[in-house]
Amino acid sequence: MFDVATLAPSILSADFNRLEAHVREAIACDIDWLHLDVMDGHFVPNITIGPLVVRALRKVKEETGVTLDCHLMIEEPERYVEDFVEAGADSVTVHVEAATHLHRVVQQIHSAGARAGVALNPATSLDSIEEILPYVDLVLVMTVNPGFGGQKYIPTSTDKIRRLRQTIDRRGLKVDLQIDGGVNEHTIREAVDAGANVIVSGNSVFGGSRSVADNITALRSALLKIA
Ligand code: DX5
Ligand code: ZN
């Protein structure tokens, strides 16, 4: 158990030829969440996975208790919420830019039996979630433009994280503040210090030449270093 912040490795950077083994390497390091990036080629330029891959990870989830956290970067997310929850998603996050009736989609996710999250692109203001905030379990602040792994953390994100953390605390809400994109051993600390408590990381967990365990140790060490 590592409780400074929850690490949520994104399988986008994992080796899909041995997906199960690769995610198990992360879970062996006491990882509690796996982040699954769903892209439709419309809301974002890239196409990735659908409910089939979520279902394929269900066995790992049932054996280990890992949380399957689905980040839907798709248009009309309301069409697929039930499919993802039936496949095994514990948490479903939709983009505020992609859902016209955001409150209805959040209700739909809860009725399907999952935790509900809303995601904000870098250029989307925190004002856009003012009304939905009391209804959600998680807010995802994108720290890169969604679509691809391995991009650079956008530095102004840190101030956005700080302002959202202040709002969550001032309103006395129990909402996870998740960040996603460009997190590495150099950027993780400032994001967590600003108030993020769930940290998505793809490339810095599954990429590079070090082992997954060494990558996770490097991220956790960056959080524990005395500034
Ligand atoms: C980007 C995805 C991210 C991505 C993060 O659109 O939402 O989850 O996998 O990858 P890194 O950590 O490599 O920036
Ligand atoms: Zn993501």
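Glu76 comes out as partly exposed in this predicted model, with a relative accessibility of 41%. Look at its backbone and there's a small surprise: phi sits near 45°, a positive value in a residue that isn't glycine. Most residues other than glycine have a negative phi. As for where Glu76 falls, it is in the loop between S3 and helix H4 (81-87). Asp30 makes a similar case, with a positive phi of about 65° although it is not a glycine. This residue lies in the loop between helix H1 (19-27) and S2, and at a relative accessible area of 46% Asp30 is partly exposed too.

Now for the metal. The zinc ion (ligand 2) is held by His35 through NE2, His71 through ND1, and Asp37 and Asp180 through OD atoms, at 2.0 to 2.3 Å. The site has six donor atoms, and with angles of 68 to 167° among them it is octahedral. For comparison, the ideal angles for six octahedral donors are 90 or 180 degrees. Along the chain, the donors of the zinc ion (ligand 2) are spaced as H-x1-D-x33-H-x108-D. His71 belongs to strand S3 (residues 67-73) and Asp180 to strand S7 (residues 176-180), so this pair ties together parts that are 109 residues apart in sequence. Both of these ligating residues are tucked away from the surface: His71 is buried at a relative accessible area of 0%, and Asp180 counts as buried at 8%.

What about open space? The largest pocket holds about 350 Å³. It is lined by 27 residues, and those closest to its centre are Gly149, Gly150, Gln151, Gly181 and Gly182. Strand S2 (33-39), strand S8 (198-201) and helix H8 (203-206) are the elements that each give two or more residues to this lining. By character, the lining splits into 14 polar residues, ten nonpolar and three charged.

Finally, the cysteines. A disulfide is a covalent bond between the sulfur atoms of two cysteines, and the structure holds zero of them. Cys29 and Cys70 are worth a quick look in this context. With 16% relative accessibility, Cys29 falls under the 20% cut-off, and therefore counts as buried. Cys70 is likewise buried, at 0% relative accessibility.

Methods. Residues are numbered from 1 along each chain as its sequence is written. Chains are lettered from A and ligands numbered from 1 in the order in which they are written. This is a predicted model: local features need pLDDT of at least 70, side-chain atom pairs count only at pLDDT 80 or more; totals for chains, interfaces and linings use all residues. Side-chain values use heavy atoms; hydrogens and water are left out. On a 1 Å grid over the protein atoms alone, a cavity is a set of points where a 1.4 Å probe fits but cannot get out, and a pocket is an open set with protein on both sides within 12 Å along at least five of seven lines; lining residues have an atom within 4 Å of a point. Grid points are joined across faces, edges and corners, and a volume is the space filled by probe spheres set on the points. Helices (H or I, at least four residues) and strands (E, at least two) are DSSP runs, numbered from the N terminus. Ala, Val, Leu, Ile, Met, Phe, Trp, Tyr, Cys and Pro count as nonpolar, Asp, Glu, Lys and Arg as charged, and the others, Gly among them, as polar. Donors are N, O and S atoms within 2.8 Å of the metal (3.2 Å for Na, K and Ca); water is not among the atoms, so sites may look incomplete. Four donors count as tetrahedral if all angles lie between 85 and 135 degrees; four count as square planar and six as octahedral if opposite donors are over 155 degrees apart and all others between 65 and 115; anything else is irregular. Buried means under 20% relative accessible area, exposed over 50%, partly exposed in between (1.4 Å probe, protein chains only). A disulfide is a pair of cysteine sulfur atoms within 2.5 Å.
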